[in-house]
Amino acid sequence: MNDLKISIASGKGGTGKTTIAASLASIIPNSVYIDCDVEEPNGHLLLKPKINTEEFVSKLLPKIDPFKCTVCGNCVEVCEFNALINLKFEITLIDEMCHGCGACAYFCPEKAITEIEKPIGVIRRGITEDNIYFIDGLLNIGEVAAAPLIKAVKKKIPEGGTAPYNTAIGKGTSSYKKGIIAVKNEFYDSQIDNETTSYKKEIPKGRDDFDKNDFDNKIFSDNKSFLDNVKPESSSSEYFKTYIIDSPPGTSCSMVEAVIDSDYCVLVTESTPFGLNDLKLAMEVLKTIRVPFGVVINKYDDSYREMEKYLEESKTDLLLKIPFDRKYAVSYSKGILPLVLYPELRTDFFDLYETIKRMIGLEMGKVQSV
Amino acid sequence: MSDNGYKQIVILSGKGGTGKTTISAAFASFENNKVIVDCDVDAANMHLMLKPKSEISHEFSGGKKAAINNEICTQCGLCETVCRFDAISNFTVDQLKCEGCGFCFRVCPANAITFSPSIGGNYFECELEDESKFFYAKLFPGEGNSGKLVSEIKKKAINSIKDSSRKFVIVDGPPGIGCPVNASISKADFAVLVTEPTLSGVHDLKRLVKLLITFKIKMGIIINKSDLNEAVAEQIKDHADEKEIPILGEIPFNSEFVKALIEGNNIVDVDESVKKELLSIWEKTKSYIIN
Amino acid sequence: MNQEQTEEMKNTKEKIAFTSTGGSMESLLSEQFGRCQYFIIVDPETGKFDAISNLGEQMQSGAGPKAAELIHHHGANVVVTGHVGDKAEDVLKRVNIKIVTGYKGNIKVKDALTEYLSK
């Protein structure tokens, strides 16, 4: 089986999208969590990764050579984003407004414009205590170009996954966490271009095999038998990686950029008419860009029937219902993933993951049969 | 304030899901003769709660998009070469990817590319049961909310108040702190910030306060779900103290909020204690505006 | 800015731009800079004024700096309005236009002019 890209989106803010995305990442072996909500990235508050690389993302900006420029105003005219301003004695650029399309440089009759790189934000990569690979993007305040940063964050996806966490874990030492962090930077530097497949062959052991146990033992030692039952079977098919993409809320161009080309999209909604209304908007977008999707109802309340009725009528897959519970909200307010404190949720997320995989399998079958 | 003495109150939250719309709708129910504007055009919701009795739909224009006329196109491929947003392939423009820079339109040697405003979505002018006016908008998928759209819808709302005896404009603001928020707070007499004691709630609140201070707009804070996390609630109060912003009220976590939402009811029709609290908050808000 | 331009600034007469909701001195002042409907540019010595319609109202983005460019090209060296955004402020400063903010939209342009001149 190939690597999976699962995006998590919601039409409305505050539905628990980030919580769901982070929870899912935390129970999936070989997962990489990617926060594409670059305007308000919150995933790091919940997953608390140790960040070990930060890199700037740039866009191209025009640079005007004052000695060549005749202030003819051609560049100002072709700029659709009002990023160039004619001050009469010179042309000035407003960095944040520029989309980097390059039209000004092309149309400058004096060849006075060259393009230079300017940082628009930063991509952070790291690893969490329970070995989830973490990538997020942070847009500079006032910057308009969210979509290009999201694109850049998504380009990091293959790199984020190819780091060899399995080697460190595979040795089975109790200090594996330190080990990973130590080898990680080295790997980013030296093996970024490694093919995913090459190390899959070298490392025959799935990470979930013991690291989940280890993690579980630490936190849920009193609950061991329960967890043994819910832990997914470790098999050779688990060596592919799963990328969990946390999309920005809404239905705008940045949401489209985040969810486009994912294998499956989980739409998170809540049991209210607001939730349903926004869900419909998000569904429309996914249908337009042809990404298969299913729905998770968070803060589920069985007195609101309309949601399920609508899902049934529109033949939309309902993946999971998470009951409304004050204690989950309290946990979130402290920056703790609810499933860490309430292990009953873990079962739900394991099931959710299995369901998604089944859905993707079906989807692929569909494509092949066409 | 304006010539006929109406007051404009904008309700903001930064983060989504804090109960902003519920509180806006509650405020709206306390006054007759008002105009309500839902500026959260990415995910307009207030109409579900206010249930307008009539609505008129209008179109509004979105950003410019390019399109290739295949009858004129000579398939030279120059447009595809210059486009930096991977929006052109096989001599067609992907409308979702088109950034609207117009480079292809200007560069095309055959003049085969058009570049004109797309329809960004619809806005609705509604009347409520109590004859108040209500405005909201719906964007087409992939369109971004913009300061332009918020300005436009607010202007329609203000125009409808000018020749009337209406006393209040209640604006349900967009989330975030970007350009749409700037547009939604223009001319506001007072801003009500609805926050919740969570880490992300505080984070967003601070950014919002900073923005309002630069606009010199008076404000007050409502802490919703106040008992969710006492420590973080204290943090909010400390921040408010420091910036000399009044706390208008605290609303403890209340499942009636969600229940009211589900049933499509206004919270003030469902829960007496919340109604009392919100009414006192509203009175307090009004006292700040008049002074 | 070079010496010559600084000299030029000193010698030019004051020309005041008001953000306005309409095209006359009777119109109400606009609190918005970039997205105001009109600029009323007044020469206080002669009392003559020009009403310039502001295209920024229709702009998707970047209306503020563009409005600064517009009044600069019409020779204004003072702007009276409600609030000016950061980006527009930068441009106005670059071209030495004095910024007077804090006006509310409940005042007529002519009254704002009287008030400004009395200061």
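# A tour from the cavities of chain A to its partners

Begin by selecting β3 (50-64) and α4 (103-107) of chain A: each supplies at least two residues of the lining of the largest cavity. Keep in mind as you go that this is a predicted model.

**Stop 1: the largest cavity**

With those two elements shown, add Cys79(A), Cys98(A), Cys101(A), Gly102(A) and Cys104(A), the closest to the cavity's centre among the 16 residues that line it. The space inside comes to about 120 Å³. Now colour the lining by residue class: you should get 12 nonpolar, three polar and one charged residues. If you would like to look for others of this kind, the search counts nine cavities of 30 Å³ or more in the structure.

**Stop 2: the second largest cavity**

Stay in chain A and select Cys69(A), Cys72(A), Cys75(A), Ile91(A) and Cys108(A). These residues lie nearest the centre of the second largest cavity, which has a lining of 14 residues. Its volume is about 90 Å³. Colouring by class again gives 10 nonpolar, three polar and one charged.

**Stop 3: Ile64(A) and its contacts**

Next, centre the view on Ile64(A), which lies in strand β3 of chain A. Which residues does Ile64(A) touch, leaving aside its neighbours within four places in sequence? Show Cys69(A), Leu84(A), Ile91(A), Ala112(A) and Ile113(A), and you have the set. Two of the names, Cys69(A) and Ile91(A), will be familiar from the lining of the second largest cavity.

Before leaving Ile64(A), draw a distance from its C-alpha atom to that of Lys48(A). The pair is 16 residues apart along the chain, and the separation is 43 Å.

**Stop 4: a salt bridge within chain A**

Over all chains, the search finds 32 salt bridges. For one to inspect, select Arg124(A) and Asp136(A), where the closest N and O atoms are 2.8 Å apart. Arg124(A) sits in strand β6 (residues 113-127) and Asp136(A) in strand β7 (residues 133-139), both of chain A, so this salt bridge ties together parts that are 12 residues apart in sequence.

**Stop 5: where chain B meets chain A**

Bring chain B into view and select the residues on both sides of its boundary with chain A: 47 residues of chain B are in contact with 49 residues of chain A. About 4,100 Å² is buried between the two chains, and carbon and sulfur atoms give 62% of that area. To see where chain B contributes, highlight Arg84(B), Arg106(B) and Ile262(B). These three supply 16% of the area that chain B buries against chain A, more than any other three residues.

How many salt bridges cross the interface of chain B and chain A? The rule finds five. To view a salt bridge between these chains, pick Arg207(B) and Glu40(A), with an N to O distance of 3.7 Å. Polar contacts join 11 residue pairs between chain B and chain A, counting pairs with both residues at pLDDT 80 or more.

For the secondary structure here, show α2 (46-50), α3 (78-82), α4 (103-107), α7 (199-214) and α9 (255-262) of chain B, each of which supplies at least two residues of the side that touches chain A. The largest share comes from α7(B), with five residues. By class, this side of chain B divides into 21 nonpolar, 15 polar and 11 charged residues.

**Stop 6: where chain C meets chain B**

Turn now to chain C, of which 15 residues are in contact with 16 residues of chain B. Between them the two chains bury about 1,300 Å², 46% of it on carbon and sulfur atoms. A search for salt bridges across this interface returns zero, and the count of residue pairs in polar contact, both at pLDDT 80 or more, is also zero. The side of chain C that touches chain B has two nonpolar, nine polar and four charged residues.

**Stop 7: the second largest pocket**

Finish with residues from both of these chains: select Lys155(B), Ile158(B), Lys187(B), Gln32(C) and Gln37(C), which lie nearest the centre of the second largest pocket. Of the 28 residues that line this pocket, helix α5 (residues 147-162) of chain B gives eight, the most from any element. The pocket holds about 480 Å³ of space, and its lining has seven nonpolar, 11 polar and 10 charged residues.

Key:
Residues numbered from 1 in each chain as written. Chains lettered and ligands numbered in written order. Predicted model: local features only at pLDDT ≥ 70, side-chain atom pairs only at ≥ 80, totals over all residues. Heavy atoms only, no water. Contact = heavy atoms within 4.5 Å. Buried area = accessible area lost by both parts, 1.4 Å probe. Salt bridge = Lys/Arg side-chain N within 4 Å of Asp/Glu carboxyl O. Polar contact = N/O pair within 3.5 Å; in protein donor to acceptor, adjacent residues only side chain to side chain. Nonpolar A, V, L, I, M, F, W, Y, C, P; charged D, E, K, R; others polar. 1 Å grid on protein atoms, 1.4 Å probe; cavity = no way out; pocket = protein on both sides within 12 Å on 5 of 7 lines; lining within 4 Å. Points joined across faces, edges and corners; volume = space filled by probe spheres on them. Helix = DSSP H or I, 4+ residues; strand = E, 2+ residues; numbered from the N terminus.
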